[in-house]
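Q: I would like to take a close look at a single part of this protein and then see how other parts are built. Please explain it in formal terms suited to a first-year student.

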Amino acid sequence: MSTASSPFPGVPLIPYGHGHVRGLDAAELGTHGMEMDSLVRLGLPTVPGLTIPASRAGDLADTAVARGAVELLSALASRRVGQSERPMLIRLVASAPVPAAGLPPMVAGLGLCLDTAPALCAAIGRAEVLYETWSATVRSIAEGALGVPADDIDGVVLDNPDPAKRLHALLEMCERLGSRPYPDDPAEQVALAATAKLARWRSSRGRRARAAQSLPAGTPIALHLQALIIGPWARSGHGSATSRDPDSGAFAPSGVFHRGVRRNEPPGGPGEPVTQLPGGADLLREALATLEHHFNAVAHVGFELRDGELALLSAAPYDHPSPAAAVRLAVDLAADTMDRATAVRSVAPQQVQALLHPQLRLRGGEPLLVRGLAASPGAASGRITLSSVDAVERAADGVPTILVMTETTPADVPGLLAADAVVTTGGGLASHAAVVARGAGRPAVCGASALRVDPVAGRVSADGRELREGDVISVDGRTGEVYAGAVQVRPAAPSAELDVLLGWADDHRRLGVRANADTAADAASAVRLGAEGIGLCRTEHQFLGARLPLVRRVIMAADADDEREALVALADAQRADFRDLLRAVGDRPLTVRLLDAPMHEFLPHDGDYDDDRQAARAAALREANPMLGVRGVRLAVVRPGLYPAQVGALFAAWIDVAAEGVRPALEVMIPLVSIPRELALAAADVAAVATGVARRTGVDIPYRIGTMVETPRAALLAGQLAAHAEFLSFGTNDLTQLTYGFSRDDVESRLLATYIGRGLLPSSPFAELDGEGVGALLAIAIQRARAARPDITIGVCGEHGGDPASIALLEPLGLDYISCSPWRVPVARLAAAQARLNAAATRGATAAMISPDGPS
């Protein structure tokens, strides 16, 4: 008999590997048939099997057709059901034309009968395993094809925990209550099993499963018969494996192996590592290596081992490879069969981010305390601390600390930097805590509004769970989840392969990648991670913690003398900070944003005043809406000496480091401009300082003047701003806030979850750039700015510059660079390359569609 032919004219029985010869696709072969067809064509060891196509699956319920299928399967396997030497059983599997849940479960023990069971038990060596499989098979057929009531079957199963007794009870029940006794003939068993499977798929349960997946009500299934080869317990079993070690990413089969016969129920126990397979290990390695090159992805297989012989049951790209595996595979394949551009596109930016930050090792069942916004990636476990002062003290004693507060202010920065992570009940992705944490590489969860913090009582609570200060919690800044108790933390593990991959990404990207960094340490981290310069230095962040009084004194100066003295002290401190920062930046660009201090962040809190005079002054300066108040260039207009003092300190520091041979490319940024004349006034002040420095020192400071575009009016008037600016940098955090009219510190935790849940927004516009509104403003501003000044440099320095989805929107707008937190620089490098490669691929596909020689 030809193994490629059906014994019955008109009833196709398709051996695995012959579907493509017949010109059949998934509509007839099902997903499993297509999968096995591919494996056979790759020359890989597969379980012997055949497919009854979806359009003819009902024919298998005919005993004559089933008998022919059993004969063909025996020929394919070179074994027969019932023989004592080289024994086999039959497994029946279903698959749909597309991946689908809710398929009828496989039937694994067809071919068993009372006469042949003793010999098979002896062959396996574990009689209970065979009887478990046989019982499950009889149960499936009894309920689905013989009409035995399900309740009666459940009762028999519950009353007979012993597998052999259960089997005999089920056989007796089929004879007593069924439409016919359970047959001994393998072909009759196969026909009944096919009847049961098809009935299950047509049942109300099957219809609900299809409806839940939006599958057509008439979706058919193909049926597949497989040879279940029986072998001794010590050298037989089943398992699954992936091609890569999840921790190192190296090529090494990783998975588990279970003794016994594969069934629908999860196997009991943890299994054995595939490194201890009793035979077939070399074949498994070869198969996984072949599949990696075939899929261009980490491969995942299901397999059986019978008497030391390996057979694949399934194979597919692994849906969720570890970041280390994804990166190392891309580099390995690029050295062999994959081009570098494809390698760059194959790794998700989120996988790169995961390699750069610690991750929680979640085992399942960890008690969730609260969920908030994933404000800064990474993970940490430590003791709850409710004040920044205590966080500094505990960290000095070597105690791992999680700072938990309602909100943070600049005065809390020492605690933020000392803590291992921060959790706030208020604020959003652009809040003070989030920005500082991202810049410092600390995990942060913000906007955890269900958490109640009581510093006076020294406790926190959420959903009825209460913890005391000093109790341990664990923070996952990647997901926004906070767990009660200690969870093991897996350290960050960037590899040499990651550097190689990012180097290839740099070769393919057009956008420059800079970093937002306020200190020398931040800048050094950014440069180490591949930043080409500093796209945003927020000078107000240099006045945090112990230095907060310096800027507070300027803001609260009561007269000209007070202000003059305060500005001298501020300039002296900034000159030292700028000197260290410039050294860290080296000869790269450095964009310094002059003071942009929302008043509420720098005024003393109630109860913290030095005297009544300071309290009265603070009350006079306090604003109802400080984010829209006297900040940025507006403060410089009412405090005319402020920006000249800062610029003088910056230029003096540049002269200091230039004498050492370091010459950063200075860019001076004026913040929160909405009136072109504001920029003109500030630019004139900067030019006057440069002239004065040159007159005193003989050094002409090379610098460029520009502005941050963060108001809609500035975006619309970008052409007028370009008359005074050599560069524009979009502050997309504020631009988003002002375009929507959202308060970013409030709506993220209070409103956006509802809006996203109800479909009003696809995601938080503070996390992912709003292409329709904010993106349109960017496009208008870029077009008008370039029309007025073609050589103007344009960038984005909001946190959207580190978000892959936002970078994909920004790439076609014609920006020169993006800037983000230091620890997001590698993510931005990869995302920028992928954005350009994907755009090129889209253009190529479009050109092919419209070309006379291309597809119609």
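What covers the buried residues of α6?

A: The model discussed here is predicted. In this model, the cover over the buried residues of α6 includes two helices, α4 (127–144) and α5 (150–159).

It is useful to begin with the helix itself. Helix α6 comprises residues 163–177, which makes 15 residues. From its first C-alpha to its last, α6 reaches 21 Å, close to the 21 Å expected at 1.5 Å a residue. The N-terminal end of α6 is capped by D162. A side-chain oxygen of D162 lies 3.3 Å from the backbone nitrogen of A164.

The next point is the side of the helix on which the buried residues stand. The buried residues of α6 are P163, R166, L167, L170, L171, M173 and C174. They lie on the same side of α6, because the arc they cover around the axis is only 160 degrees. A general rule helps in reading such a pattern: an α-helix has 3.6 residues a turn, so residues three or four places apart point the same way. On the other side of α6, K165 and E175 are exposed. Here, buried means under 20% relative accessible area, and exposed means over 50%. Burial can also be stated for the whole protein chain: 53% of its 856 residues count as buried.

The wider setting of the helix may now be described. The protein chain has 32 helices and 32 strands. Its C-alpha trace spans about 110 × 70 × 45 Å along the principal axes. Among contacts between residues at least 6 apart in sequence, 67% join residues at least 24 apart.

The strands offer a further subject for study. One open sheet has eight strands in the order β13-β23-β22-β15-β16-β17-β18-β14, and its pairing is mixed. The edges are held by β13 (368–371) and β14 (373–376); each has a single partner strand, so one side of each is left without a neighbour in the sheet. On average, neighbouring strands of this sheet are turned by 30 degrees against each other, direction ignored. Helix α15 (residues 432–440) packs on the sheet, where it touches β14, β17 (421–424) and β18 (444–446). The direction of α15 makes about 45 degrees with that of β14. Within the sheet, strand β22 (residues 472–476) and strand β23 (residues 481–484) run antiparallel and are joined by four bridges. One of the paired residues is V475, whose bridge partner in β23 is V482.

Another open sheet consists of three strands in the order β19-β20-β21, with antiparallel pairing. Its edge strands, β19 (452–454) and β21 (465–468), each pair on one side only. The twist from one strand to the next averages 15 degrees. Three bridges join β19 to β20 (residues 459–462), and S461 in β20 is the bridge partner of R452.

Finally, strand β32 (residues 817–820) shows burial on a strand. Y817 and S819 point one way from β32, I818 and C820 point the other way, and all are buried. Strand β25 (residues 512–516) runs parallel to β32 and is joined to it by four bridges, with R514 opposite S819. Strand β31 (residues 793–796) also runs parallel to β32, with two bridges between them; the bridge partner of V796 in β32 is I818.

Methods
Residues are numbered from 1 along each chain as its sequence is written. This is a predicted model: local features need pLDDT of at least 70, side-chain atom pairs count only at pLDDT 80 or more; totals for chains, interfaces and linings use all residues. Side-chain values use heavy atoms; hydrogens and water are left out. The expected span of a helix is 1.5 Å times one less than its number of residues. Buried means under 20% relative accessible area, exposed over 50%, partly exposed in between (1.4 Å probe, protein chains only). The arc is that of the directions from the helix axis to the C-beta atoms. Contact means heavy atoms within 4.5 Å. A polar contact is a pair of N or O atoms within 3.5 Å; within protein, one must be able to donate a hydrogen and the other to accept it, and residues adjacent in sequence count only if both atoms are side-chain atoms. Two strands pair if DSSP finds at least two bridges between them. Axes are lines fitted to C-alpha atoms, for helices over the stretch in contact, and angles run from 0 to 180 degrees between N-to-C directions.
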